[in-house]
Amino acid sequence: MSITIKDVALRANVSPATVSRVLNQSKPVSKAIREKVMKVVEELDFNPNSVARSLVMKESRLIGVIISSIDNVFISKFVNIIEEEFFKHNYTTLLCNTRCDDEIEKDYLRLLKDKYVDGVVLMTSHPKPHQIEFFEQVEVPAVFAGHTDPTKQFSSVNIDNYQAMYDATRYLLEIGHRRIAFFGGPHIYRQAMERLSGYKQALAEYGIRCEESLIFANDYDIDHGYENGMALFQRTDRPTAVCCVSDMVAIGAIKAAEDKGLSVPEDISIMGFDDILLAKAYRPGITTVRQPIQELSVQAAEMLLQQIRKKEDYVKETRILPHEIIVRGSCMAVTG
């Protein structure tokens, strides 16, 4: 015979409502009452059905966090911070790693619906048709982190990717570089295209023609940075600098330069993006664009919790956080 919340209430000599408040932390109760209820819960080995409790309480205390790849160091840091932030507010996160596959993401969205999650944070892309359709049907609060929704159907928190890469490219131009390559991301990513646009605009303002042969569209990891570098650095007309879409790509590019017998930054300057911990520890230290990962994660959690609490009174918002150029040893000035 299964134990019910009424059995716990009877043994603890309190009302079922009090047991519910203790288990769901929905309203304050005295420390003595809480300890008495939890002692009975332990004695009876009571394990309330989470789905049934969700239907009754109209909340699950679960948050879905959808990411594109756990291998991405920046995203891993984001997950660690936002999980801790939700835990402070008594929410448990369900991590969904899509591996950049839309079909896997659709499966995860269906799973989150079945789990009656209270909200979802997405760090996979700007809103796509299948995401828009899902949230129109399910009406679960959602926030896009690290991506901006130009339609403003969803709340989002991000940096200005266009301006950040513009500033990174301009920094290289200001220290004398005139031929600058771009190791970017896949053109299907809005974020990658915004950074490419910033790079092109900085060149244009200096009257420099954009050379398509210096632009590489690949993924955000070390392997693709290395692959790009091996292809570019063997050329006799190689540039003097490279802007990379991530620090991981920059690390791959530095490794390729070394394997081609080039010194960084003496022969080639390498600019990163994100300012992950490894960027500072690497040798040479990587000059990079710092994304405020702590603020990004905390504010994404804060925005979602506001949506959950305010419900239909919540006004969707777009937050743009500041970026910063961090100068280290992977870039140097050139003359002539």
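This is a short walk through one structure, starting at its sheet and ending at a single alanine. Keep in mind that the model is predicted.

Let's start with the sheet. Six strands form an open sheet in the order S2-S1-S3-S4-S5-S11, and the pairing is parallel. Which strands stand at the edges? They are S2, residues 92-97, and S11, residues 318-321. Each has a single partner strand, so one side of each is left without a neighbour in the sheet. Neighbouring strands are turned by 15° against each other on average, direction ignored.

Now look at strand S1. How many of its six residues are buried? Six of six, so S1 is mostly covered. In a regular strand the side chains alternate between the two faces of the sheet. Here is that pattern in S1. Leu62, Gly64 and Ile66 point one way. Ile63, Val65 and Ile67 point the other way. Both sets are buried.

S1 has partners to show you. Six bridges join S1 to S2, and the two run parallel. Find Leu62 in S1; its bridge partner in S2 is Thr92. Five bridges join S1 to S3, again running parallel. On that side, Ile66 has Leu122 of S3 as its bridge partner. There is also a β-α-β unit here: S1, H5 and S2 make it, and it is right-handed.

One step along the sheet, S3 covers residues 119-123 and S4 covers residues 142-145. Three bridges join S3 and S4, which run parallel. Val120 stands opposite Ala142 in S4.

Next, the helices on the sheet. Helix H5, residues 73-88, packs on the sheet and touches S1, S2, S3 and S4. The direction of H5 makes about 160° with that of S3. Helix H13, residues 293-310, packs on the sheet as well. H13 touches S1, S3, S4, S5 and S11. Its direction makes about 170° with that of S5.

Stay with H13 for a moment. The helix has 18 residues. From first C-alpha to last it reaches 26 Å, close to the 26 Å expected at 1.5 Å a residue. Which elements do its buried residues pack against? The answer is S1, H5, S3, S4, S5 and S11. Among those buried residues are Ile293, Leu296, Met303, Leu304 and Ile308. Ser297 and Gln307 are on the buried list too. Right after the helix comes Lys311, whose phi is positive, near 55°.

On to the nonpolar cores. The largest has 76 residues. Phe78, Phe86, Leu172, Phe183, Phe233, Val242 and Ile270 touch the most other members. Take Ile270. Leaving out residues up to four places away in sequence, its contacts include Phe233, Val242, Cys244, Ile254 and Val264. Thr287 and Ser330 are also touched by Ile270. Apart from this core lies another, of 14 residues, among them Ile66, Phe135, Val140 and Ala142. We met two of those names in the sheet: Ile66 in S1 and Ala142 in S4.

Last stop, Ala279. Where does it lie? In helix H12, residues 277-281. Buried or exposed? Ala279 has 0% relative accessibility. Buried means under 20%, so Ala279 counts as buried. Setting aside neighbours within four places in sequence, Ala279 is in contact with Asp247, Gly285, Ile286 and Arg328. Now compare its place with Ser60. The two are 219 residues apart along the chain, and their C-alpha atoms are separated by 39 Å.

Key. Residues are numbered from 1 along each chain as its sequence is written. This is a predicted model: local features need pLDDT of at least 70, side-chain atom pairs count only at pLDDT 80 or more; totals for chains, interfaces and linings use all residues. Side-chain values use heavy atoms; hydrogens and water are left out. A nonpolar core is a set of buried Ala, Val, Leu, Ile, Met, Phe, Trp, Tyr and Cys residues joined through side-chain atoms within 4.5 Å. Buried means under 20% relative accessible area, exposed over 50%, partly exposed in between (1.4 Å probe, protein chains only). Contact means heavy atoms within 4.5 Å. Two strands pair if DSSP finds at least two bridges between them. Helices (H or I, at least four residues) and strands (E, at least two) are DSSP runs, numbered from the N terminus. Axes are lines fitted to C-alpha atoms, for helices over the stretch in contact, and angles run from 0 to 180 degrees between N-to-C directions. The expected span of a helix is 1.5 Å times one less than its number of residues. A crossover is right-handed if, with the strands pointing away from the viewer, the path from the first strand over the helix to the second runs clockwise.
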